[in-house]
Amino acid sequence: MRYCGGCNPRYDRVALVHQLAQRLPEHRFTVAEGGKDYAAVLMVCGCLSRCASLTGLTTPRERLIYVCQRDGLEGVEEALRALEAQDRFTTSE
């Protein structure tokens, strides 16, 4: 995951990630480092500006999942599950 700079925080972004980790214990949430490959990257933003840095990320843009508000948990869960289903389908072919 990557966090925005936090200059315009609209909610507790860290608490949101903790809630998400509790709801999805099968996933590992760590800060995304540049140059490493990740199945997906959660971009945790404080507002709709979506200014979390993409610098150094090699993850394809379609695997970047943005959350910009405290009620975005369901959308993140859906996006992760869709990527999992896509990966299972691709691997089973």
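This is a short viewer tour of one predicted protein model, going from the whole chain to the sheet and then to two buried residues.

**Before you click**

Because the model is predicted, local features need pLDDT of at least 70 and side-chain atom pairs count only at pLDDT 80 or more, while totals for chains, interfaces and linings use all residues. Residues are numbered from 1 along each chain as its sequence is written, and side-chain values use heavy atoms, with hydrogens and water left out.

**Stop 1: the whole chain**

Start with a cartoon view and pick out two helices and three strands. Helices (H or I, at least four residues) and strands (E, at least two) are DSSP runs, numbered from the N terminus. Follow the chain along the sequence and you'll meet them in the pattern β-α-β-β-α. The radius of gyration is 13 Å, close to the 12 Å from the globule rule for 93 residues, so the protein is as compact as a globular protein of that length. (That radius is taken over C-alpha atoms, and the rule is 2.2 Å times the number of residues to the power 0.38.) Switch to the C-alpha trace: along its principal axes, the trace spans about 45 × 30 × 20 Å.

Now colour by burial. Buried residues make up 34% of the 93; buried means under 20% relative accessible area, exposed over 50%, and partly exposed in between (1.4 Å probe, protein chains only).

**Stop 2: the sheet**

Select the three strands. They form an open sheet in the order β1-β2-β3, with parallel pairing. The edge strands, β1 (2–3) and β3, each pair on one side only. Strands count as paired if DSSP finds at least two bridges between them, and β1 and β2 are joined by two. To see one bridge, select Y3 and its partner V44 in β2.

**Stop 3: T59**

Next, go to the loop between β2 (41–44) and β3 (64–67), where T59 sits. T59 counts as buried, at 7% relative accessibility. What does T59 touch, not counting residues up to four places away in sequence? Show Y38, A40, V41 and L64; contact here means heavy atoms within 4.5 Å.

**Stop 4: L80**

Finish in helix α2 (residues 73–92), at L80. L80 is buried too, with a relative accessible area of 11%. Leaving aside neighbours within four places in sequence, L80 is in contact with L24, H27, F29, A40 and I65. Try a distance label between the C-alpha atoms of L80 and H27: these residues are 53 apart along the chain, and the separation is 9.3 Å.
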